[in-house]
Structures are given as structure tokens and as C-alpha cells.
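Could you walk me through this model, stop by stop, while I have it open in my viewer? I would like to know what to select next and what is there.

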Amino acid sequence: MINIYVYGLDQFVVGDISRELTSSLAKLYEVEEDEINFVAPHDMVFHKGVEQTSWRAIVEVRLPEEFDKFQNSAKELIFHYISEVAVHVEVTFIYFGYHDHYVKLNPDYPHY
């Protein structure tokens, strides 16, 4: 339900960040850890033709609008962890209503 997209960092670095940051965000948002996912697209960040990977990380947090009250604390957590691996970090929160999000889990397999 809370999806965090990290652009401009190596995918394995995002995996390490997700391992460290998931439990802190779950506690902050008062949700189960299973409700937080990190996405690391295979991409590069550019500025004026110069590649910025690991120099500038762009983070989008997509989550239900009811969590907006935690935005400042979540921003600080994200800055703390991602600033360890990137020089510059920007975070954008993108909110949606519960009616805008759907999940279909196959009951024959574990969630994770």
C-alpha cells in the first residue's frame, strides 16, 4: 500500500536501504512491514546531459492520503537513510484515496 520509488541509485543499494528503512517506516505509519514496498527502476538521473546517479536521488512515496500527517517525520527518515548513499536527495509524496488502489493476492502462495 505504501510504495517508495527511488530513482538515481543502484538497485542493490535500494535493496539495502529497504532492508534498513522498512521497519522504521512501518512503525511510523503504524502498518505492517508487508505494506511497504521499495521500487528501484533501472534508470539514470541526468542534468544538462551529465549523469547524476548516486549524486542525486529522487524519491517518490506513493501512499494513501490518510498518512499525510506523518509526512514530515517520513521525510526525515528517508533523508537520513538515503543521505548515507547519495549526495543530494529530493522526496515527493504522492497521495491517493483507498478507492484508487487495488491488490489481488493469489491465496495459493505466500504474500512474500
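Throughout this tour, two residues are in contact when heavy atoms of theirs lie within 4.5 Å. Keep in mind as you click along that this is a predicted model.

**Stop 1: Tyr29 and its surroundings**

Start by selecting Tyr29. Leaving aside neighbours within four places in sequence, Tyr29 is in contact with Ile2, Val61, Leu63, Phe67, Phe70, Ala74 and Phe93. Is Tyr29 buried or exposed? Its relative accessibility is 2%, so Tyr29 counts as buried.

Now show the aromatic side chains, since the structure holds five aromatic pairs. In one of them, the ring centres of Tyr29 and Phe67 are 5.2 Å apart and the planes meet at 70°, so this pair is edge-to-face. Colour the two residues by element and you will see distant parts of the chain linked: Tyr29 belongs to helix H1 (residues 11-29), while Phe67 sits in the loop between strand S5 (56-64) and helix H2 (71-82), 38 residues apart. Phe67 counts as buried because its relative accessibility is 5%. Add Phe70 to the selection: its ring centre is 6.4 Å from that of Phe67 and the planes are at 40°, so this pair is tilted. Phe70 is buried as well, like Phe67. Ring pairs thus join Tyr29, Phe67 and Phe70 in a cluster.

**Stop 2: the nonpolar core**

Widen the view to the largest nonpolar core, which has 28 residues. Which residues have the most contacts inside it? They are Tyr29, Val61 and Ile82. At least two residues of this core come from each of S1, H1, S2, S5, H2 and S6. H1 gives the largest share, seven residues. As background, nonpolar side chains tend to be buried together in soluble globular proteins.

**Stop 3: the sheet and the helices on it**

Switch to a cartoon. Four strands make up an open sheet with the order S2-S1-S5-S6, and their pairing is mixed. At the edges are strand S2 (36-39) and strand S6 (88-96), each pairing on one side only. Neighbouring strands of the sheet are turned by 15° against each other on average, direction ignored.

Zoom in on S5 and S6, which run parallel and are joined by nine bridges. Here you can find Pro64 standing opposite Phe96 in S6. Next, bring the helices back. H1 packs on the sheet, where it touches strand S1 (2-7), S2, S5 and S6, and its direction makes about 150° with that of S2. H2 packs on the sheet too, touching S1, S5 and S6, and its direction makes about 145° with that of S6.

While in H1, select Thr22, which is found in this helix. Thr22 has a relative accessible area of 12%, so Thr22 is buried. Not counting residues up to four places away in sequence, Thr22 touches Glu33, Ile36 and Phe38.

**Stop 4: a charge over a ring**

Select Arg62 together with Tyr5. Arg62 lies over the face of the Tyr5 ring, at 3.8 Å from the ring centre.

**Stop 5: two buried loop residues**

Move to Leu9, in the loop between S1 and H1. Leu9 counts as buried because its relative accessibility is 4%. Beyond residues up to four places away in sequence, Leu9 touches Val14, Ile17, Thr53, Ser54, Ala57, Ile82, Val85 and Ala86.

Follow the last of these to Ala86, which lies in the loop between H2 and S6. With a relative accessible area of 5%, Ala86 is buried. Its contacts, again not counting residues up to four places away in sequence, are Leu9, Ser54, Trp55 and Ala57. Try a distance label between the C-alpha atoms of Ala86 and Gly8: they are 78 residues apart in sequence and 8.8 Å apart in space.

**Stop 6: two positive phi values**

Most residues other than glycine have a negative phi. Which phi does Ser54 have? Its phi is near 70°, a positive value in a residue other than glycine. Ser54 is in the loop between S4 and S5, and at 34% relative accessibility Ser54 counts as partly exposed.

Finish at Lys48, in the loop between strand S3 (46-47) and strand S4 (50-51). Lys48 is not a glycine, yet has a positive phi of about 50°. At 76% relative accessibility, Lys48 counts as exposed.

Key:
Residues are numbered from 1 along each chain as its sequence is written. This is a predicted model: local features need pLDDT of at least 70, side-chain atom pairs count only at pLDDT 80 or more; totals for chains, interfaces and linings use all residues. Side-chain values use heavy atoms; hydrogens and water are left out. Rings of Phe, Tyr and Trp (its six-membered ring) pair if their centres lie within 6.5 Å; planes under 30 degrees apart count as stacked, over 60 as edge-to-face and the rest as tilted. Buried means under 20% relative accessible area, exposed over 50%, partly exposed in between (1.4 Å probe, protein chains only). A charge sits over a ring if NZ of Lys or CZ of Arg is within 6 Å of the ring centre and within 35 degrees of the ring normal. Two strands pair if DSSP finds at least two bridges between them. Axes are lines fitted to C-alpha atoms, for helices over the stretch in contact, and angles run from 0 to 180 degrees between N-to-C directions. A nonpolar core is a set of buried Ala, Val, Leu, Ile, Met, Phe, Trp, Tyr and Cys residues joined through side-chain atoms within 4.5 Å.
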